[in-house]
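Here are my notes on this model, mostly about charge pairs and the ligand site. Have a look at the structure first, then go through the points below.

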Amino acid sequence: MNFTLTSELVGLDRIINSDPIAITFFIGYMAMFASSVFFFMERGSVDGKWKLSLLVSGLITGIAAVHYYYMRDFYLQTGASPTAFRYVDWTLTVPLMCVEFYLLTKPFGAKGGTLFKLIVASLVMLVTGYIGETSGVESNMMWGIFSTLGYLYIVYEVFAGDVAKLSKDSNSPALGRAMFLLKIFITLGWSIYPIGYMVLPGNLLSGAFEVSSIDLFYNLADAINKIGFGLVIYSVAVAESSKK
Ligand SMILES: *C/C=C(C)/C=C/C=C(C)/C=C/C1=C(C)CCCC1(C)C
């Protein structure tokens, strides 16, 4: 049989020859897509005030699914890291995760100002991170440190700032449980990203891993954080809805 080897086939060949990064892009796409279907369908089985939270969870994984579709193709065709797609994805989905914190604490008095602070901190984290990834060896570490300040501010808000105070004053065991799990995601789950960033040339882990393994870190972290975060909110929503 006679056929030309299109870029599509070269890409598929890479998956068949078990390029672990290609496989995680492939699985990431499927998992994000399936999670969105799940969150959207399950909106029907929770009480009114939780429907918006599940919608936002579905949007987070849905936006990620679309980006994974393009990132997977970009990676398969070029073998390079899809940095721009990645940061567009995060710039949309991380603020939506801040919205999830806001929605959880809103019944207990959360103010728009808290949401605003969280979104500004996440944008500082992402814009400086993007500059660091694209600006070369000398300044990589410096931008990484700026970005980490934005990250630490979010951690502060959730552990000791407005979000923490509201959930403590709420006397709601459901919210307490959700906040406990979300704190684990914010500290352990989100810390995978700066670890991945550190494999870049000029940074602390450069040489310990291949530069291309940055996408392994990011793909793993995205699956844990976007899907896991949504499932925590889903479980609280179901538990609270079944009380009545
Ligand atoms: C769904 C996507 C999420 C939750 C992305 C989170 C991304 C981060 C927490 C990234 C953090 C970074 C640092 C703290 C320093 C180095 C640069 C970044 C942007 C990788």
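**Notes on the salt bridges and the ligand site**

1. Let's start inside helix H9. Aspartate 222 is buried, and lysine 226 is buried too. The two residues sit four apart in helix H9, which is about one turn of the helix. They form a salt bridge, with 3.2 Å between the closest N and O atoms. Keep in mind that this is a predicted model.

2. That pair has company. Arg86, Asp215, Asp222 and Lys226 are joined into one network by salt bridges that share partners. For context, the search of the whole structure gives six salt bridges.

3. Which residue of helix H4 does aspartate 222 pair with? It is arginine 86, and the closest N and O atoms of this salt bridge are 3.4 Å apart. This one links distant parts of the chain: aspartate 222 belongs to helix H9 (residues 214–241), arginine 86 belongs to helix H4 (residues 83–105), and 136 residues separate them.

4. Is arginine 86 buried or exposed? Its relative accessibility is 2%, so arginine 86 counts as buried. Aspartate 222 has a relative accessible area of 0%, so it is buried as well.

5. Now a pair elsewhere. Aspartate 162 and lysine 117 meet through their side chains in a salt bridge, at 3.1 Å from N to O. Because aspartate 162 lies in helix H7 (residues 162–169) and lysine 117 in helix H5 (residues 112–134), the pair ties together parts that are 45 residues apart in sequence.

6. How does burial look for that pair? Aspartate 162 has 23% relative accessibility and therefore counts as partly exposed, the cut-off for buried being under 20%. Lysine 117, at 33%, also counts as partly exposed.

7. On to the ligand, which sits in the largest pocket. There are 18 residues around the ligand, and those that come nearest are Trp90, Met125, Ser147, Tyr193 and Lys226. Taken alone, the ligand exposes 530 Å², and the protein buries 100% of that. Lys226 is worth a second look, as this residue also belongs to the salt-bridge network of point 2.

8. Which elements build the shell around the ligand? Those giving two or more residues are H4, H5, helix H6 (137–159), helix H8 (173–197) and H9. H4 provides the largest share, with five residues. By residue class, the shell divides into 11 nonpolar, five polar and two charged.

Note on methods:
Residues numbered from 1 in each chain as written. Predicted model: local features only at pLDDT ≥ 70, side-chain atom pairs only at ≥ 80, totals over all residues. Heavy atoms only, no water. Salt bridge = Lys/Arg side-chain N within 4 Å of Asp/Glu carboxyl O. Buried < 20%, exposed > 50% of the residue type's maximum accessible area, 1.4 Å probe, protein only. Near = heavy atom within 4 Å. Areas by Shrake-Rupley, 256 points an atom, 1.4 Å probe, with all protein chains shown as cover. 1 Å grid on protein atoms, 1.4 Å probe; cavity = no way out; pocket = protein on both sides within 12 Å on 5 of 7 lines; lining within 4 Å. Sits in = over half its atoms within 2 Å of the grid points. Nonpolar A, V, L, I, M, F, W, Y, C, P; charged D, E, K, R; others polar.
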